[in-house]
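Open the model in your viewer and keep the selection panel handy. We will go from stop to stop, picking residues and ions as we go.

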Amino acid sequence: MKGEVLSKRLFRAGTVIFEGGDVGDCAYVIERGRVEVATSYNGAKTILGVMGPGEILGDMAIIDDEPRSASAIAMDDTVLTVITPEQVTTRLQEADPVLRLLLMATLERYRNELRRFQGGNEARGGDEARPGKQRALLTQDIIASSQQTAIDKFKLESDLRGAVANDEFHLYYQPIISLDGDRVAGFEALIRWIHPERGFVNPGEFIAVAEETALMVPIGQWVLRQACTDLKQFNALASAAGSSPIFVSVNVSGRQFASGTFLDDLRTSLASTGVNPAQVKLEITESLLMNYVEAHDWIREASEQGVQIALDDFGTGYSSLSYLLHFPIDTLKIDRAFVEHMHEEARSSSLVAAIVNMAHTLSFDVVAEGIEEEEQSTALAAMGCEYAQGYRYARPMPVEDAINFLESRSAS
Ligand code: C2E
Ligand code: CA
Ligand code: CA
C-alpha cells in the first residue's frame, strides 16, 4: 500500500488498517463500515472505541509525525477516504498561530495520557526532536515560532483590552488640504497607541489583532467619540477665524459595522457632541464592501444620518467599479501607490487623471493620499483633484499641534 496515492481504500472485515507503533503516513475519513480502535494495557487488548461513517481516523500521526498510538481494525467491509499530509500542510501553516498552539498542546496531552494508560514511559515533559521526524507537518521550528507568536498575540490582546480604559490611545490628525488655495479642508483621524512599556505600537500591528477579536468595536467607539469631540474644537476655531467649517475623516472597519451597534454609536456620538453630521466622513475600504453583504444597508443608513462616505485606498483592492455605482459614496481617496510615481512616469499620471475624471463624472470629490512632492500637488491641482494629504503638508500630529496648524493656516 505504501507510496500509492489512492484516494479511497477498501479494508475487508477483520483486516488491520494500522497498528500501534506504525509510521503514520495518512489519515482517513470513514465512508462506509465500522472501525475498532484499540490499544494494549498491561499486555491485554483494550478497546478505545468504535468509529463509523463521517468520523476521522489516524489524524494525530499526520499532524505531529509520532508513531500511531493505537491500532485500527475494520469490523465490517470498510471504505476509507485518504487524507494526505499535503492536504493539511498549507492549511495548518496558514492557520492562526494561537490555534496551532492549542492543537499541539491538546495533542501532546492526549498522547501523554495514552502512554501513561499503556503503562509505558512516564509522560514526556517537553516535545524534544525525534530522529526521523522531519516529515512532521508541525516541525519543531514551526511549533517554536507558533508558540512565540501565539504568546505575543495573547499578550497584545490582553494589553489592548485594557488600553481604552487606561487612556493609552491617542488620536493623531493629518490635514487634508484643499488644492485650490492651500486651505485646510479637514483632518483624517489616525489612532496611536502608546503603551506604558512597549512604547509606540504601530496601528498596522494592533488594528489587525483588534479586528480578529471583538476589540475593534470598543476601540472604534472611542475613536468616533473622540474625533467628534475634537472636531467641535477645530470648528470653533475655524468659525472664530471666519473660515468655512472643516471635516474630520474617521476610519471604520467591517468589524465595527458588523457589531450591530455602530449605527447607534454614530447617532450617539453625533448627538452628544452636537457636531454637524455633514462634517463627519467615514472612511471605508473596498475589502469591507467585498466581505460584508450587509455593507450596502449599513452605509446607506449611515449616509441617511447625514455623514459623508469616503472610499479609502482606492486602487489597491479589487476596484470593482460596480461599488462606485451602488454605494452612496461622496469621496474617492486615491491610494499612495498610484500617486507615488506620477511625477516620474507619464503612464502613472494618465491613470490618476483618468481616476479623477471618472470620480467627477460620478459626482465624487477626490483626495489624493501620500503626497510627498510639490510636483505631485501641482499636477493634481491641474487635473482638478480637490484635495491632497501627505507628508508634504504635514505628518499626522497630536490634536494640540493640529490646532496650531489650523491656526497658522487660517492666519495666512
Ligand atoms: P490609511 O487609512 O490608509 O491611513 C493613511 C496612512 O498613510 C497613515 O498611516 C499615514 O500616517 C500614512 N501617510 C500619510 N501621508 C503619507 C505620506 O506622505 N507618505 C507615506 N509614506 N505615508 C503617509 P498610519 O497612521 O500608520 O495608519 C495605518 C493604517 O491604520 C491606516 O491606513 C488605517 O487603515 C489604519 N487605521 C489608523 N487609525 C485607524 C482607526 O482609528 N480605525 C481603523 N479602523 N483603522 C485605523
Ligand atoms: Ca484612511
Ligand atoms: Ca488610505
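Start by selecting E373, which counts as partly exposed because its relative accessibility is 34%. The classes used on this tour are buried for under 20% relative accessible area, exposed for over 50%, and partly exposed in between (1.4 Å probe, protein chains only). E373 sits in the loop between β16 (365-368) and α14 (374-383); helices (H or I, at least four residues) and strands (E, at least two) are DSSP runs numbered from the N terminus.

Before moving on, note that this is a predicted model, in which local features need pLDDT of at least 70 and side-chain atom pairs count only at pLDDT 80 or more, while totals for chains, interfaces and linings use all residues. Residues are numbered from 1 along each chain as its sequence is written, chains are lettered from A and ligands numbered from 1 in the order in which they are written, and side-chain values use heavy atoms, with hydrogens and water left out.

Now add E344, E345, E374 and E375 to E373: together they form a negative surface patch. Patch members have over 30% relative accessible area and no salt bridge, with like charges joined within 9 Å and nonpolar side chains (Val, Leu, Ile, Met, Phe, Trp, Tyr) within 5 Å. A salt bridge here is a side-chain nitrogen of Lys or Arg within 4 Å of a carboxyl oxygen of Asp or Glu. Lys and Arg count as positive and Asp and Glu as negative, with His and the chain ends not counted; each charge is placed at NZ of Lys, CZ of Arg, CG of Asp or CD of Glu.

Next, pick the calcium ion (ligand 3). Which residues coordinate the calcium ion (ligand 3)? They are D312 (OD), D313 (OD) and E369, the last listed with two OE donors, at 2.2 to 2.5 Å. Donors are N, O and S atoms within 2.8 Å of the metal (3.2 Å for Na, K and Ca), and water is not among the atoms, so sites may look incomplete. Along the chain, these donors follow the spacing D-D-x55-E. D313 lies in strand β14 (residues 308-314) and E369 in the loop between β16 and α14, so the pair ties together parts that are 56 residues apart in sequence. E369 is buried at 11% relative accessible area, whereas D313 is partly exposed at 24%.

Stay on D313 and check its backbone: phi is positive, about 55°, although D313 is not a glycine. Most residues other than glycine have a negative phi. For another such case, jump to S363, with a positive phi of about 65°. S363 lies in the loop between α13 (346-361) and β16 and is exposed, at 64% relative accessible area.

Return to D312, which coordinates both calcium ions, ligand 2 and ligand 3, 3.8 Å apart. Around the calcium ion (ligand 2), the protein donors are E188 (OE), N251 (OD1), E283 (OE) and D312 (OD), at 2.1 to 2.4 Å. E188 is buried at 4% relative accessible area, and N251 is partly exposed at 29%.

For the last stop, select Y41, L48, Y110 and F117, which make a nonpolar surface patch of about 360 Å²; accessible areas come from the Shrake-Rupley method with a 1.4 Å probe, and for residues only the protein chains shown count as cover. L48 is in strand β5 (residues 44-51) and is partly exposed, at 38% relative accessibility.
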